[in-house]
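This report looks at charged pairs and nonpolar side chains in one protein chain. Please keep the sequence and the structure in view while reading.

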Amino acid sequence: MARKWSNQNLAGALHFVTGNVIDRIPIFKRDDCCESFLKVFSELLRDWPCKVIAYVLMPDHIHLHR
């Protein structure tokens with residue numbers, strides 16, 4: 001059987017990351033929660049640089065394309 005390669009961290013590969021808020025609470029309906037998330041997200045990008053192509057904040061979850 002061929003080895004699965006899709007889980008490897010290959011240089012230049014695109015990654016789709018998704019995350020849910022605990023208990024699916026719609027915290028991203030609040031501007032202050034969105035701003036707090038984006039502040040922490042930008043700090044993490046400064047510490048661990050990577051190319052983020054797109055992100056989406058939805059009421060109870062996020063999607064990142066990197």
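In this predicted model, E43 is partly exposed, because its relative accessible area is 29% and the partly exposed class lies between 20% and 50%. The side chain of E43 forms a salt bridge with K39, and the closest N and O atoms of this pair are 2.8 Å apart. K39 itself is exposed, with a relative accessible area of 52%. Both residues belong to helix α1, where they stand four residues apart, so that about one helical turn separates them.

Side chains of opposite charge can pair when their charged atoms come close. How many salt bridges does the count come to? The count comes to three, and they are set out below with their N to O distances.

| Salt bridge | N to O distance |
|---|---|
| K39 and E43 | 2.8 Å |
| R30 and D32 | 2.6 Å |
| R24 and D60 | 3.3 Å |

In the pair formed by R30 and D32, R30 has a relative accessible area of 48% and is therefore partly exposed, while D32, with a relative accessible area of 39%, is partly exposed as well.

The side chains of D60 and R24 also meet in a salt bridge. This pair links distant parts of the chain, since D60 lies in the loop between β2 (54-58) and β3 (61-65), whereas R24 lies in the loop between β1 (16-20) and α1, 36 residues apart. Is D60 buried or exposed? With a relative accessibility of 15%, D60 counts as buried, because that value is under the 20% limit. Its partner R24 is partly exposed, with a relative accessible area of 45%.

Turning to nonpolar side chains, helix α1, which spans residues 31-47, also contains V40. At 43% relative accessibility, V40 counts as partly exposed. Together with L44 and W48, V40 forms a nonpolar patch on the surface, and the accessible area of these residues together is about 330 Å².

L57, by contrast, lies in strand β2 and counts as partly exposed at 24% relative accessibility. Which residues does L57 touch, not counting residues up to four places away in sequence? Under that condition, L57 touches F28, C34, F37, L38 and I62. For one of these contacts, the one with F37, the separation in sequence is 20 residues, and the C-alpha to C-alpha distance in space is 9.3 Å.

Conventions:
Residues are numbered from 1 along each chain as its sequence is written. This is a predicted model: local features need pLDDT of at least 70, side-chain atom pairs count only at pLDDT 80 or more; totals for chains, interfaces and linings use all residues. Side-chain values use heavy atoms; hydrogens and water are left out. Patches are made of residues with over 30% relative accessible area and no salt bridge: like charges are joined within 9 Å, nonpolar side chains (Val, Leu, Ile, Met, Phe, Trp, Tyr) within 5 Å. Accessible areas come from the Shrake-Rupley method with a 1.4 Å probe; for residues, only the protein chains shown count as cover. A salt bridge is a side-chain nitrogen of Lys or Arg within 4 Å of a carboxyl oxygen of Asp or Glu. Helices (H or I, at least four residues) and strands (E, at least two) are DSSP runs, numbered from the N terminus. Buried means under 20% relative accessible area, exposed over 50%, partly exposed in between (1.4 Å probe, protein chains only). Contact means heavy atoms within 4.5 Å.
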